[in-house]
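Student: I would like a close look at a single part of this model, followed outward into whatever surrounds that part. Please take your time over the answer.

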Amino acid sequence: MIEEPGFSAASEDMAARSCYRELHSCVFDYSTPRIALIKSRKIGLMNRVVQLGILVYVIGWVFVWEKGYQEFDAVVSSVSSKVKGVAVTNTSALGSRIWDVADYIIPAQEENAFFVMTNLIITQNQTQGNCPELPEPSTTCSSDHNCTPGIVGPSSNGVQTGKCVYYNDHVKTCEVFAWCPVENDTEVPERNILPNISTSYLKTCVYDRVNHPFCPIFHLGSVVNEAGESFQDMAILGGVIGIQIKWNCDLDKNFSKCVPRYSFRRLDNRELDHNVSPGYNFRSAKYYKNSDNIESRTLMKVYGIRFDILVFGTAGKFDIIPTMINIGSGIALLGVTTVLCDFIVFQFFKKRNYYKEKKYKYVEDYDQLVGNEDNGSNP
Amino acid sequence: MIEEPGFSAASEDMAARSCYRELHSCVFDYSTPRIALIKSRKIGLMNRVVQLGILVYVIGWVFVWEKGYQEFDAVVSSVSSKVKGVAVTNTSALGSRIWDVADYIIPAQEENAFFVMTNLIITQNQTQGNCPELPEPSTTCSSDHNCTPGIVGPSSNGVQTGKCVYYNDHVKTCEVFAWCPVENDTEVPERNILPNISTSYLKTCVYDRVNHPFCPIFHLGSVVNEAGESFQDMAILGGVIGIQIKWNCDLDKNFSKCVPRYSFRRLDNRELDHNVSPGYNFRSAKYYKNSDNIESRTLMKVYGIRFDILVFGTAGKFDIIPTMINIGSGIALLGVTTVLCDFIVFQFFKKRNYYKEKKYKYVEDYDQLVGNEDNGSNP
Amino acid sequence: MIEEPGFSAASEDMAARSCYRELHSCVFDYSTPRIALIKSRKIGLMNRVVQLGILVYVIGWVFVWEKGYQEFDAVVSSVSSKVKGVAVTNTSALGSRIWDVADYIIPAQEENAFFVMTNLIITQNQTQGNCPELPEPSTTCSSDHNCTPGIVGPSSNGVQTGKCVYYNDHVKTCEVFAWCPVENDTEVPERNILPNISTSYLKTCVYDRVNHPFCPIFHLGSVVNEAGESFQDMAILGGVIGIQIKWNCDLDKNFSKCVPRYSFRRLDNRELDHNVSPGYNFRSAKYYKNSDNIESRTLMKVYGIRFDILVFGTAGKFDIIPTMINIGSGIALLGVTTVLCDFIVFQFFKKRNYYKEKKYKYVEDYDQLVGNEDNGSNP
């Protein structure tokens, strides 16, 4: 295509023709790269081995094993749970006492979790009034001067009245306005309830890691054991156990293969050094009124095991986009083979210059070329 | 570049020069693949059509439709709910009784869920003591020999004392130490409460799938209906309804278009055969003390509908990495066109050998070539 | 490869040989694209600069900064919380009264959230019976004709009996069957409890954005302040505060660097115009029985702050697939350089035709060629 000076009309005509020719060429010409086909066993074989390796990775690992053709989405879940069983305790404070589900599950229902009381510090018949504080370095006193009216310590049970009174025969503590008598939680009783509790109906299956891995009915004791803990130890101070339900599904396969896997783990921190509050406990109260309309309450510092049901997992389904992304990047990786083999041929082969001549066409810079009096560009 | 033996200094100088030349060539030479431009309408057109198909897929599907230029993130959410309404029941056990929010919502507040009592088995004035167990095949007895002291059955209400006593005029059952009298939940009453409960204030809108799809106020009855269930049926044994809030947002667009879509679904298993515990119920108790300080309680086996609010969705925002990954894999896919067209030309075209000659330069193995007395390598 | 007609055996032999030759060639021949090496500083440099830019983007941004070699997974979490502190109130209705954890946390324990009562409308000694409804435009009446037996208004406290009775000396309202006397929540008292509550033990650290950003012990007041709210204001009508725990981890690095970041945000809608129910409140009741076995209750409309603990974040770990996808798409992007440089050379360079000749080999359509009497195809 040589552009010559000419009349404007002719020039325009030519430009239009040249434009049409270019468009025609663009649509109807097929451009394919020219290839130098080197008949060398060494490099030919190497090329194929590297390509095979990349193909095996893309097809075997990315597609078959990791299911690179699937789009993944996370689980949205809701779990209901139910606890069954009764327990008896025989303590000096309460005498013989039976505990059933309505007693030891607090609150009565929760979403994705349930709490089972395993130990208890009970303080019965508290009423609002003035009484001595629990003895502690900051609350013991010898006279009223040690106590300041209106002060509320960070761990105190009430507001100091400013008086110093006898807590027992030996110790005097500051008097507080509080729910009286104040709770004494300095000693945690050794596990005194819950020997027989199970989540099981026993009408049907019971979960077992080996024989019944899909059964959704668990013995609380086995759950704690599977988490690597001792129920006896954990019952005293309480704790948090995670019931992990892993639910990975391949929606391209039969839905019946989409089953949950259960595993169990202690979630609260057992290292007493790094823990401001070991175990799991909280305070709960039952309120009463006597015939004179005076309110009293029974305060319970409740120790127990909270079971948190954590559902996670992904569901995969064939999707064109991840498939194409993986195919595309696989093809691009195949291109690396040529770069690698070229590097080996042109760096390490004895007769690299012979091959170079075949592969490359050296094109001199035209401007420089004209200056050098138009000699051939191909060495 | 031919390396000859020579003096060490000259050789080093040459090596340095050759090294410089190579670096210079690497930086300033532009290597572009040589192309065979085949002027064939058939193959040229085919090539363009396949390329167009890939372009349409990449731009139309991946970018415009699936928003391949966005990075997605999941929703983190917190939902508050509130229930309003009162109900009246008239039963032989309780007489006329009114139920308001404080009575039928248990516990009083939950995160992302709320429970509405719809049916009730009430056992009033239970105290701890000895009484006959509920008749069941495993608890009926004819004499004390049938009852073992200390045994706790999996569904029993307490610990057996070893005595066999009359449950009523006809049946004798083992005596248990339990909250007495034991609850009789063999018959679930037909729905006896909750005709008028709604979550609505009625001051403003009420959710309607067609007219008010964004209103966050729901009639409980409509929620259950939208889930394809009958409120009347579900109220008897209870159940779990998921209030699904799908909140997909395109953060590249106006924030006001980022609105939630509500849908409703029953989550508990209705198939009675595959279900250890159909419906949704739990036990809750209210505790009292009489003037002699004896504790009694009213046990309630509470049936009802738990509404779980499940929020899910993704928010997408432009991000360079997914954009580049999709562009990169799209370019790689375009490379497939050439492979495909070459395959067709060299397998199915009549004059494939003519085209082959133009595309390929056959380079003989040099070693072999020298052995064959240096004949030309290009056929 | 020319196929000639011949004896079937010979032809088969030939086909087998040709097939073997093709397979041999496929495995042992190395095909590398032929390259035109243009010695031009301008275009050579441009080519390298564009390639460098792409490399810097892929290595610097995708791999080093955005960690494109990692597979990411979301957090699955469970949070325990504990609240400490007491408060005193002095109101005409209740007199002097102390509030501790068991009083102001409702329910006693929750997963991933806790509610702290900050204000209260208390209605003591309610019993089931007939009493006048709270005065409102829809409930005030002058005679029994204004009241319809059996009607339950959407915000009413009970079922109308059809009588019109005196609510006080001035106003008559319809009588309802309800928990009597009905609650009067028309005026919300100014914050009357909770001056000293903190979640802190003070034995150890207390969270501070600057000095103790990792301490898990918070003053409720500071939490509300960090969320940009005033505790005094929020305590009156209540609200929802999100304690956001962002936990992004790089599992390829030391685990000790995997620490949570806390931030706080008000989650409920403060705009009174767009809100059907400003603040956060619910109703809770305590039930009592007197010596005549008549049940009464104390209804509490509880205002307070619900703290929702929202854990989110991602954990990244080296994975081969995202690495290869990013490398592959990076390589494909490098291919763009040639397309871009070719475009510039063949569009804007003065001697583009000189370069075109070197790069392209024009192959005429064979069919057309034969029609044109076999003239040369290469211009």
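In strand 15 of chain C, which residue is the bridge partner of B:Ile35?

Tutor: The bridge partner of B:Ile35 in strand 15 of chain C is C:Tyr360, and that pairing is a good place to enter this structure, which is a predicted model. The bridge belongs to a wider pairing, in which strand 2 of chain B and strand 15 of chain C, residues 360-363, run in the parallel sense over 4 bridges. Strand 2 of chain B, residues 35-39, is mostly covered, with 4 of its 5 residues buried. The strand also has a partner in another chain, since strand 1 of chain A, residues 29-33, pairs with strand 2 of chain B in the antiparallel sense over 5 bridges. Within that second pairing, B:Lys39 in strand 2 of chain B has A:Asp29 standing opposite. Strand 2 of chain B is thus paired with chain A in the antiparallel sense and with chain C in the parallel sense. As general background, the side chains of a regular strand alternate between the two faces of the sheet.

A parallel pairing is also found where chain C meets chain A, for strand 15 of chain A (residues 360-363) and strand 2 of chain C (residues 35-39) pair in the parallel sense over 4 bridges. There, A:Lys361 is the residue that stands opposite C:Ala36 in strand 2 of chain C.

From the strands one can step back to the interface of chain B and chain C, where 66 residues of chain B are in contact with 77 residues of chain C. The area buried between these two chains is about 6600 Å², and carbon and sulfur atoms give 56% of that area. On the side of chain B, the three residues B:Tyr30, B:Arg34 and B:Gln109 supply 13% of the area that chain B buries against chain C, which is more than any other three residues. The polar side of this interface comprises 5 salt bridges, including one in which the side chains of B:Asp100 and C:Arg297 meet at 2.6 Å, N to O. Between chain B and chain C there are also 28 residue pairs in polar contact, both residues being at pLDDT 80 or more. Helix 6 of chain B, residues 320-348, contributes the largest share of the side of chain B that touches chain C, namely 9 residues. By class, that side of chain B has 31 nonpolar, 18 polar and 17 charged residues.

The interface of chain C and chain A can be described in the same order. Here 65 residues of chain C are in contact with 79 residues of chain A, and the buried area is about 6600 Å², of which carbon and sulfur atoms give 56%. C:Tyr30, C:Arg34 and C:Gln109 supply 13% of the area that chain C buries against chain A, more than any other three residues. Across this interface there are 5 salt bridges, one of them joining C:Asp29 to A:Lys39 with the closest N and O atoms 3.2 Å apart. Helix 6 of chain C, residues 320-348, gives the most to the side of chain C that touches chain A, with 10 residues, and that side divides into 31 nonpolar, 18 polar and 16 charged residues.

Over all chains the count comes to 36 salt bridges, and some of them involve buried residues. A:Lys286 forms a salt bridge with B:Glu295, the closest N and O atoms being 3.2 Å apart; this pair crosses between chains, from strand 12 (residues 281-289) of chain A to strand 13 (residues 295-312) of chain B. Both A:Lys286 and B:Glu295 are buried.

Within chain C, the side chains of C:Glu183 and C:Arg283 meet in a salt bridge at 2.8 Å, N to O. This pair links distant parts of the chain, 100 residues apart, with C:Glu183 in the loop between strand 8 (172-180) and helix 4 (220-226) and C:Arg283 in strand 12 (residues 281-289). C:Glu183 is buried because its relative accessible area is 3%, and C:Arg283 likewise counts as buried, with a relative accessible area of 17%. In chain A, the residues A:Glu183, A:Asp185, A:Arg283 and A:Lys301 are linked in a network of salt bridges.

Conventions: Residues are numbered from 1 along each chain as its sequence is written. Chains are lettered from A and ligands numbered from 1 in the order in which they are written. This is a predicted model: local features need pLDDT of at least 70, side-chain atom pairs count only at pLDDT 80 or more; totals for chains, interfaces and linings use all residues. Side-chain values use heavy atoms; hydrogens and water are left out. Contact means heavy atoms within 4.5 Å. Buried area is the accessible area (1.4 Å probe) that two parts lose on being put together, summed over both. A salt bridge is a side-chain nitrogen of Lys or Arg within 4 Å of a carboxyl oxygen of Asp or Glu. Helices (H or I, at least four residues) and strands (E, at least two) are DSSP runs, numbered from the N terminus. Ala, Val, Leu, Ile, Met, Phe, Trp, Tyr, Cys and Pro count as nonpolar, Asp, Glu, Lys and Arg as charged, and the others, Gly among them, as polar. Two strands pair if DSSP finds at least two bridges between them. Buried means under 20% relative accessible area, exposed over 50%, partly exposed in between (1.4 Å probe, protein chains only). A polar contact is a pair of N or O atoms within 3.5 Å; within protein, one must be able to donate a hydrogen and the other to accept it, and residues adjacent in sequence count only if both atoms are side-chain atoms.
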